[in-house]
Amino acid sequence: MSHSESESKGHVRLIDLPVISDPRGDLTFLEGSRHVPFDIRRVYYLYNVPVDSERGGHAHRELEQVVFALSGSFRLKIDDGKTKSEYWLRDPKKGLYINKLIWREMDSFSQGAVCMVLASHPYDEADYYRDYDEFLKASKL
Ligand code: T46
């Protein structure tokens with residue numbers, strides 16, 4: 001999948017993955033650059049998350065990600081500097097694509113929730129905006 005112009009800045013969207021179901025259960029798969037719009041360079045996951053935990057609270061300069069609830073559910077609050085929206089993730093075959101320059105906050109984790117994230121780059125603290133005002137300024141450039 002190639003990057004479209006609308007994905008170049010301030011963009012989120014839900015991605016539906018294929019599911020193959022048979023009496024043994026469901027199987028979902030994904031391939032980098034096919035089902036997600038980047039080459040996957042890193043995978044990480046959040047688990048043992050207390051139900052009152054609040055995570056995120058930052059944006060990225062370059063990083064693109066797709067976030068999944070592999071088990072349970074949680075809320076993702078999204079802010080592109082102009083518009084705020086929220087998504088409840090609870091279906092392991094539906095991921096939320098989050099482009100760069102999007103502020104995200106996560107909360108309302110259900111008991112036992114597991115969040116998996118596919119990322120376009122290795123971890124780099126210098127890629128984070130952890131200050132909201134700094135992010136807002138960058139989002140308006
Ligand atoms: C995001 C949301 C959904 C690493 O060393 N390597 C990594 O790959 C990651 C993701 C984090 N870390 C370190 C950095 C911090 O010292 O782990 C610690 C906790 O990270 P952070 O507070 O950023 O975790 P979250 O859950 O608030 O945010 C993470 C991602 O950082 C972020 O990109 O979009 O999950």
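**Figure 1. The ligand and the residues around it.** Of the 13 residues surrounding the ligand, R42, R55, H60, R104 and Y128 come nearest. Everything in these views comes from a predicted model, so read the distances as computed ones. Two arginines are worth picking out here. R55 has an N or O atom in its side chain 2.7 Å from an oxygen atom of the ligand. For R104, an N or O atom of the side chain is also 2.7 Å from an oxygen atom of the ligand. R130 joins in as well, with a polar side-chain atom 3.1 Å from an oxygen atom of the ligand. How much of the ligand does the protein cover? On its own the ligand has 650 Å² of accessible area, and the protein covers 69% of that.

**Figure 2. H60, one of the residues that come nearest to the ligand.** Look for H60 in strand β5, which takes in residues 55–60. Is H60 buried or exposed? It counts as buried, with a relative accessibility of 2%, and the cut-off for that class is under 20%. The side chain of H60 has a partner in D127: a polar contact of 2.9 Å joins the two.

**Figure 3. E125 and R130, a salt bridge with a link to the ligand.** The side chains of E125 and R130 meet in this one, at 2.7 Å from N to O. Neither end is hidden away: E125 is partly exposed, with a relative accessible area of 36%, and R130 counts as partly exposed at 45%. R130 is also the residue that puts a polar side-chain atom 3.1 Å from an oxygen atom of the ligand, so this view goes well with Figure 1.

**Figure 4. K77 and E105, a salt bridge between two strands.** The closest N and O atoms of K77 and E105 are 3.9 Å apart. K77 sits in strand β7 (residues 74–79) and E105 in strand β10 (residues 103–107), so this pair ties together parts of the chain that are 28 residues apart in sequence. How accessible are the two ends? K77 is partly exposed at 28% relative accessibility, and E105 is partly exposed at 32%.

**Figure 5. The network that K77 and E105 belong to.** Zoom out a little from the previous pair. Salt bridges that share partners join R75, K77, E86, E105 and D107 into one network. D107 lies in strand β10, the strand that also holds E105. At 10% relative accessibility, D107 counts as buried, whereas E105 counts as partly exposed. A polar contact of 2.8 Å joins the side chains of D107 and R75. For context, a search of the whole structure turns up twelve salt bridges.

**Figure 6. D79 and K84, a buried residue paired with an exposed one.** These two form a salt bridge whose closest N and O atoms are 4.0 Å apart. Which end is buried and which is exposed? D79 counts as buried, at 6% relative accessibility, while K84 counts as exposed, at 66%. K84 is in strand β8, residues 84–89. If you want a sense of scale, try K84 against Q111: they are 27 residues apart in sequence and 26 Å apart in space, going from C-alpha to C-alpha.

**Figure 7. A nonpolar patch on the surface.** Four residues make it up: I40, V43, Y45 and Y47, with about 400 Å² of accessible area together. Y45 belongs to strand β4, residues 42–46. Y45 is exposed, with a relative accessible area of 52%, and the cut-off for exposed is over 50%.

**Figure 8. The whole chain, to put the close-ups in place.** The protein chain has one helix and twelve strands. Which order do they come in? Starting at the N terminus, the elements run β-β-β-β-β-β-β-β-β-β-β-β-α. Along its principal axes, the C-alpha trace spans about 50 × 40 × 25 Å. A compact globule of 141 residues would have a radius of gyration near 14 Å, and the protein chain, at 15 Å, agrees with that. Of those 141 residues, 40% are buried, and H60, D79 and D107 from the views above are among them.

Note on methods
Residues numbered from 1 in each chain as written. Predicted model: local features only at pLDDT ≥ 70, side-chain atom pairs only at ≥ 80, totals over all residues. Heavy atoms only, no water. Helix = DSSP H or I, 4+ residues; strand = E, 2+ residues; numbered from the N terminus. Buried < 20%, exposed > 50% of the residue type's maximum accessible area, 1.4 Å probe, protein only. Patch = residues over 30% accessible without salt bridge, like charges linked within 9 Å, V, L, I, M, F, W, Y side chains within 5 Å. Areas by Shrake-Rupley, 256 points an atom, 1.4 Å probe, with all protein chains shown as cover. Near = heavy atom within 4 Å. Polar contact = N/O pair within 3.5 Å; in protein donor to acceptor, adjacent residues only side chain to side chain. Rg over C-alpha atoms; globule rule 2.2 N^0.38 Å.
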